[in-house]
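Here is a short walk through one protein model, written for someone who likes to check each residue on screen. Please open the viewer and follow along.

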Amino acid sequence: MALRGFMSDMIRSELEDAVGQDNVSVSSGEKLAYGTDYFWVSRMWVDKGQTPPVPDYIVRPGSTEEVSKVLKIANYYKIPVYTWGGGSGTQGGALAMAGGIMLDTKRMDHLLNIDTESGTITVETGMVFQTMEWYANEQGFSIMHIPSCLTCCTVGGALAHNGIGILSTKYGKIDDQCLGLEVVLPNGDIIHTLQVPKHSSGPDIRQMFIGSEGTLGIMTKATFKMVRLPEVRKHHAFLFKDMHTGIQACREIVQTLKPSIMRLFDEAETVSIIKKVIGFEKKGAFMNLTVEGRYEIVEVEEKIVLDICAKHGAEYLGTEYGEKWYENRITFFYPGYMMNNPQMFGTMDTTATFDKIEKIYWAMKHAVEDNFPNVRFIAHCSHWYEWGTMLYDRFIMDQPPEDPEEALRLHNQIWNTGVRAALANGGVINDHHGVGLKLGHMMKEQYGPAMQVLEGLKKSLDPNGIMNPYKLGL
């Protein structure tokens, strides 16, 4: 629906009545700010002097009830609604591709409860994740969700794409850490999932919204489990002769015990990113590993890790480089260390079982580098399970085309080639960055007939199709 003149003004007036005049904006400058997240394409558009997709209204609700009012207005007029947290997403998941309402959640940033007996914390989802972590730390606890965007992502944003942090090998993804949700449905109804994540009272409704990227409703409050801060956290580093040997060692480790951090970098990333950030210069596959918890348990786990790595021929590098990696865990993403415009780049992360992951690595590497000679492919495995691991793979092109249409076409071709190589060999289209706009067209390729389950859920909850259209393949 195109909103013009008096009708546009009337809708704006209704939105102001719902959230307050000061919390609705139609400023062209503010709209532009919401047209660019960390998605490479949106940044490229701005760098090339083009105008990215922008919303018609920016709305900043201060409570769940105000979110409900906004969605009732949007549902009546059939206006698209997009949810904005910190703007740190990489897949264009929050961009207003069809105009409409950009609902910024950051006014909803209150601590609601900390229960040290049960080890839980409840907050509004507009809170920056680091703030919630600080609240838990003050009580001697941690959420144990430490993503690279910790200081700029919101709680809701982390939930929306089912994010993951560096401690995931021991503590899991955010859906493992979230116990319950409050959600506003597209029609404005406010619902609460069960506040215990393990039950036999039908399917887990909580899981229908975690990872749904704002396409089914807006999460406004969340309860997380807290874990007591460890007595000790010990960092180590190793060098394997190649990725194959490293993966075999890591598989044995994770099927024996639970390190909190275990990251294995391929040879290309070891001699580029690792060298640049922590100064390690040897060739091979670098691995940093952290064990934590009670002193006496950590001592036993350290010995087991050292024995397994020695068995697989690893060179033990001591604790210095492991500690440097941990100290610089966010530095990797700062300007000057991270890929950045005008380079073309992307992270095509996938995940698979151990019997498939190496095949996927080589298939993606050859697909990208053989078809695009000026593109580099680097990768590491950063999140591990008893059954497999994920591949955090990146492509980098130092001199992309100047023409924005040509650059966009090439960018999409590289993504399609790399991700389809993962799919063809047993991977999934994404592990934790989300699907968003970038990968939505591949959802049907991944799910096949099963896609009708997600489409049916979308149609039932959002019959007018107002929630984050063109994302998640919905």
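Is Leu472 buried or exposed? Leu472 counts as buried, because its relative accessibility is 9%. Please keep in mind throughout that this is a predicted model.

**The segment after H17**

Leu472 sits in the segment after helix H17, and its phi is near 60°, a positive value in a residue other than glycine. Tyr470 is also placed in the segment after helix H17, which spans residues 451-461. Tyr470 has a positive phi too, at about 75°, although it is not a glycine. Tyr470 counts as exposed, with 53% relative accessibility.

**Inside the protein**

Now turn to the nonpolar interior. The largest nonpolar core has 111 residues, and Leu159, Phe224 and Met287 have the most contacts inside it. Another core, of 22 residues, lies apart from that one; Val70, Tyr77, Leu103 and Met467 are among its members. Leaving aside residues up to four places away in sequence, Met287 touches His236, Ala237, Phe238, Phe240, Cys250, Ile253, Met262, Arg263, Leu264 and Cys309.

Thr125 is a good residue to click on next. You will find Thr125 in the loop between strand S6 (120-124) and helix H5 (129-138). Thr125 is buried, with a relative accessible area of 1%. Which backbone oxygen does the side chain of Thr125 reach? The partner is the backbone oxygen of Met219, at 2.6 Å. Beyond residues up to four places away in sequence, the contacts of Thr125 include Thr105, Met108, Thr154, Leu159 and Lys221.

**A patch on the surface**

For a view of the outside, look at helix H1, residues 5-19, where Phe6 is placed. Phe6 is exposed, at 65% relative accessible area. Together with Met7 and Met10, Phe6 forms a nonpolar patch on the surface, with about 310 Å² of accessible area for the three together.

**Salt bridges**

How many salt bridges does the structure hold? There are 24 salt bridges, and the table gives some of them.

| Pair | Closest N and O atoms |
|---|---|
| Glu16 and Arg12 | 3.2 Å |
| Glu292 and Arg233 | 2.7 Å |
| Arg376 and Asp398 | 2.7 Å |

Glu16 and Arg12 both belong to helix H1, four residues apart, or about one turn of the helix. Glu16 counts as buried at 18% relative accessibility, while Arg12 is partly exposed at 30%.

The salt bridge between Glu292 and Arg233 spans a longer stretch of sequence: Glu292 lies in strand S14 (residues 285-293) and Arg233 in strand S12 (residues 232-240), so the pair ties together parts that are 59 residues apart. Glu292 is buried, with a relative accessible area of 3%, and Arg233 is partly exposed, with 26%.

Arg376 and Asp398 form a salt bridge that links distant parts of the chain, 22 residues apart: Arg376 is in strand S18 (residues 376-381), and Asp398 is in the loop between strand S19 (388-397) and helix H15 (404-424). Arg376 counts as partly exposed at 37% relative accessibility, and Asp398 is partly exposed with a relative accessible area of 41%. Elsewhere, Glu231, Arg294 and Glu296 are linked in a network of salt bridges.

**A cis peptide bond**

One last stop is the backbone at Asn341 and Pro342, which are joined by a cis peptide bond with an omega of about 15°. Pro342 is placed in the loop between helix H13 (320-327) and strand S16 (344-347).

Methods:
Residues are numbered from 1 along each chain as its sequence is written. This is a predicted model: local features need pLDDT of at least 70, side-chain atom pairs count only at pLDDT 80 or more; totals for chains, interfaces and linings use all residues. Side-chain values use heavy atoms; hydrogens and water are left out. Patches are made of residues with over 30% relative accessible area and no salt bridge: like charges are joined within 9 Å, nonpolar side chains (Val, Leu, Ile, Met, Phe, Trp, Tyr) within 5 Å. Accessible areas come from the Shrake-Rupley method with a 1.4 Å probe; for residues, only the protein chains shown count as cover. A salt bridge is a side-chain nitrogen of Lys or Arg within 4 Å of a carboxyl oxygen of Asp or Glu. Helices (H or I, at least four residues) and strands (E, at least two) are DSSP runs, numbered from the N terminus. Buried means under 20% relative accessible area, exposed over 50%, partly exposed in between (1.4 Å probe, protein chains only). A nonpolar core is a set of buried Ala, Val, Leu, Ile, Met, Phe, Trp, Tyr and Cys residues joined through side-chain atoms within 4.5 Å. Contact means heavy atoms within 4.5 Å. A polar contact is a pair of N or O atoms within 3.5 Å; within protein, one must be able to donate a hydrogen and the other to accept it, and residues adjacent in sequence count only if both atoms are side-chain atoms.
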